[in-house]
Amino acid sequence: MTPIDDHPLRYALVNELHARPFPSFAAPAHVVYLAIKEPRDAANRDRAKDHAHLCDLLGRAGAPLPPPGVTHYAGEIGRYALKWESHTEFTTFLAHAPGVSARPFDPAETEAFPADWIEAAPGKRIAAVMIRIEELPEDPESVLPRLEDWFVHESLVCAWVLDEAAVVATDFRIDPAGQMRFAIFVRPGTGPGRVGRIVQRICEMETYRAMSMLGLNRARSLTRRLNALDPELSELVDGMTDDAMPAEDTLHRLLEISSELESLAVQHSFRFGATGAYEAIVKERVEVLRESRFRGRQKFSEFMLRRYDPAMRTVKSAEARSNAMIERAARAGELLRTRVDVERQAQNQKLLESMDRRADLQLRLQHTVEGLSVVAISYYAVSLAGYLSYPLAKHYGVTKEMAVAGLTPFVIAGVWLMVRRIRKGFGGH
């Protein structure tokens, strides 16, 4: 067969679809999850530091090290199975081991990620999750006393997931050890792959929820600044009809406000865009859990609707308000520029009229000067012509005065024609 040239990225892109499989494990088991993000400009971070941090963890356990540049890794660290992934703004570590501790959510279970290793991370902890996985008893209601003991009652979220394959519970609170707790009670016979999918979706839901909430602080700080700029912008717009206020001064201040609004929009655009993307992922992860109500308890979707959605609406409101103020400032700027242009045109018209008057005066003065020039030049020309005509006039018996009198009209006419021709040569009329 004739060889076919594939796109150089074809195989890499297809392999990416299969590069990050769900973890797989059966109940009972426990999971420790960690997400780390650099506080600033995480999308442009030095990913070599992430790789070095992973290698530090693997080196402590004597595990094989991945090659540089990888974006995912799966291996063993002691009794834990580890899954590491590098994302746009953060890295995640998921470690799981069979069995559960006698003490529910024992902080000792976080030993997979040593405290000094976390402290040396190239970033800060944005999510930390402990998941306790047990088999669901024959009587599902028997888990309720344990849930009441493990979680804060008023924040408790508990629901069937994946067509009642398991019960998932949490209170979305951080415990004294800095962990967010989740409990999963798996119905007997549920496959390890399905349990792994539940765990993966819970971890992703919490991570993307935390990442999207970063936009809330940005929205609040932006709102405070917009609250300060809004009255000033409104005052400038209201004062546009006041002829006593110089339009150019108003335009200068309006341009300063517009520049600050544009700068604020640029500073927050990435975070607000990321917040919208993360919010969509959170809602998708909740949806794919296919939850149903468990013994009248609050579902994940209901918790998100009451506690999470208002925060996202705040972010969207701040972004929309910023865009609206930018548009309003732009419209006001256009109106002010039009007013300034009209005033300048009126000033230019007055200047042209003044220049026309000066040109008329200059032209009249020029004609006057030309007349005086003709007289002056003619005076000297008549004198010269008189001297030249004396011998001839004497020969014919004409007196000196008569000769000068006879030459004067011709000399004046000649000088006038000469001055006129010179003026025409310079474009005069």
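Arg 60 counts as partly exposed at 42% relative accessibility (buried means under 20% relative accessible area, exposed over 50%, and partly exposed in between, with a 1.4 Å probe and protein chains only). The model is predicted: local features need pLDDT of at least 70 and side-chain atom pairs count only at pLDDT 80 or more, while totals for chains, interfaces and linings use all residues. Residues are numbered from 1 along each chain as its sequence is written, and side-chain values use heavy atoms, with hydrogens and water left out.

**Salt bridges**

The structure holds 25 salt bridges, a salt bridge being a side-chain nitrogen of Lys or Arg within 4 Å of a carboxyl oxygen of Asp or Glu. Three of them are among those tabulated here.

| Pair | Closest N to O |
|---|---|
| Arg 60 and Asp 116 | 3.1 Å |
| Arg 321 and Asp 230 | 3.3 Å |
| Glu 256 and Arg 253 | 2.6 Å |Arg 60 forms its salt bridge with Asp 116; Arg 60 lies in helix H2 (residues 47–61) and Asp 116 in helix H3 (residues 115–119), so the pair ties together parts that are 56 residues apart in sequence. Helices (H or I, at least four residues) and strands (E, at least two) are DSSP runs, numbered from the N terminus. Asp 116 is partly exposed, at 49% relative accessible area.

Arg 321 is bridged to Asp 230, a link between distant parts of the chain, with Arg 321 in helix H7, Asp 230 in helix H5 and their positions 91 residues apart. Arg 321 is partly exposed at 26%.

Glu 256 and Arg 253 both belong to helix H6, three residues apart, about one turn of the helix. Both are partly exposed, Glu 256 at 36% and Arg 253 at 25%. Elsewhere, Asp 56, Arg 60 and Asp 116 are joined into one network by salt bridges that share partners.

**Cavity and pocket**

On a 1 Å grid over the protein atoms alone, a cavity is a set of points where a 1.4 Å probe fits but cannot get out, and a pocket is an open set with protein on both sides within 12 Å along at least five of seven lines; lining residues have an atom within 4 Å of a point. Grid points are joined across faces, edges and corners, and a volume is the space filled by probe spheres set on the points.

There is one cavity of 30 Å³ or more. The largest cavity holds about 110 Å³ and has 13 lining residues, with Tyr 33, Glu 85, His 87, Thr 92 and Gln 200 nearest its centre. Strand S3 (80–86), strand S4 (90–98) and H5 each give two or more residues to this lining, and H5 gives the most, with five.

The largest pocket has about 380 Å³ of space. Of its 16 lining residues, Lys 37, Pro 39, Arg 40, Arg 218 and Arg 271 lie nearest the centre.

Definitions and conventions
Helix = DSSP H or I, 4+ residues; strand = E, 2+ residues; numbered from the N terminus.
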